[in-house]
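Notebook open, model loaded. I'm jotting down what I look up as I go, strands to begin with and helices after that.

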Amino acid sequence: MNQIKIQIPSLIENIRVVESFIDNSKEKFHIEDDIYGNIMVAVTESVNNAIRHGNKFDKDKNVYLSLFVEPDLLRFEVQDEGNGFDADALTDPTAPENLENPGGRGIFLMRHLCDEVKFTNDGRNVQLTFYINNA
């Protein structure tokens, strides 16, 4: 298993660093174009949530991004230093009363773009898994 990790301060402009991390990973591990877009959206959204909601834009708190590459899957882990949250208690962004809300779709998107989404450590850690076919 290959593994790469980075650590970034909780500044929204560091999303560019995450995009570069994904682009470099695409080249290094030959990630297929058909899942590259899903990875880019899901991982940057997860890091954005960690900066915005987890660490509350506190530049003294970090976001940790790891990529684990196995023969049949890619797993990205995003961890923040915030207070956590209950992922099961989120409102449904597709419910009629929530359709016009400006936010609240990030985790919904992640769950639809990834093959698996798992929250641990009281919501401070999210694992985004993408199955790959190396046949």
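I looked up strand β3 (residues 73-79) and its partner strand β5 (residues 125-131): they run antiparallel and are joined by seven bridges. For a register mark I noted F76, which stands opposite L128 in β5. Worth writing down before I get further: this is a predicted model.

Next, the other pairing of β3. Strand β2 (residues 62-70) pairs with β3 over seven bridges, again in the antiparallel sense. What joins β2 to β3? I found a hairpin, with two residues making the link. My register mark here is V69, which sits opposite L74 in β3.

Is β3 enclosed or open to the outside? Six of its seven residues are buried, so I put the strand down as largely enclosed by the rest of the structure. A reminder to myself for reading the side chains: in a regular strand they alternate between the two faces of the sheet.

I then picked Q79, which belongs to strand β3. Its relative accessibility is 29%, so Q79 counts as partly exposed; the buried class stops under 20%. Skipping neighbours within four places in sequence, I listed the contacts of Q79 as N62, V63, Y64, N121, R124 and N125. I also checked Q79 against A50: they are 29 residues apart along the chain, and their C-alpha atoms are separated by 7.1 Å.

Loop entry. N55 lies in the loop between α2 and β2. Buried or exposed? N55 is buried, at a relative accessible area of 1%. What does N55 touch, leaving out neighbours within four places in sequence? I wrote down S10, A50, K61, N62, V63, D80, E81 and G82.

On to the helices. I want an angle and a distance for each pair, because two packed helices are described by the angle between their axes and the distance between the axes.

Helix α1 (residues 15-29) packs on helix α2 (residues 33-54) at an angle of about 150 degrees, and their axes are 10 Å apart. An angle over 145 degrees counts as roughly antiparallel, so that is how I've logged α1 relative to α2. The crossing of α1 past α2 is right-handed. On the α1 side the contact is made by I15, V18, E19, I22, D23 and K26. The α2 side supplies D33, Y36, I39, M40, V43, T44, V47, N48 and I51. Sorted by type, the residues of this contact come out as nine nonpolar, two polar and four charged.

Then the α2 and α3 pair. The axes of α2 and helix α3 (residues 106-113) come within 9 Å and cross at roughly 150 degrees. That makes α2 roughly antiparallel to α3. I noted a left-handed crossing for α2 past α3. From α2, N38, V41, A42, E45, S46 and N49 meet G106, I107, M110 and L113 of α3. This contact divides into five nonpolar, four polar and one charged.

Last entry, F21, a residue of helix α1. At 7% relative accessibility, F21 counts as buried. Not counting residues up to four places away in sequence, F21 touches I4, I6, L65, L67 and F76. That last name was already in my notes, as the residue opposite L128 in β5. I checked F21 against D33 too: they are twelve residues apart in sequence, and C-alpha to C-alpha they are 16 Å apart in space.

Terms used. Residues are numbered from 1 along each chain as its sequence is written. This is a predicted model: local features need pLDDT of at least 70, side-chain atom pairs count only at pLDDT 80 or more; totals for chains, interfaces and linings use all residues. Side-chain values use heavy atoms; hydrogens and water are left out. Axes are lines fitted to C-alpha atoms, for helices over the stretch in contact, and angles run from 0 to 180 degrees between N-to-C directions. Helices (H or I, at least four residues) and strands (E, at least two) are DSSP runs, numbered from the N terminus. Angles under 35 degrees count as roughly parallel, over 145 as roughly antiparallel, 65 to 115 as roughly perpendicular and the rest as oblique. A crossing is left-handed if the near helix is turned anticlockwise from the far one by less than a right angle, and right-handed if clockwise. Contact means heavy atoms within 4.5 Å. Ala, Val, Leu, Ile, Met, Phe, Trp, Tyr, Cys and Pro count as nonpolar, Asp, Glu, Lys and Arg as charged, and the others, Gly among them, as polar. Buried means under 20% relative accessible area, exposed over 50%, partly exposed in between (1.4 Å probe, protein chains only). Two strands pair if DSSP finds at least two bridges between them.
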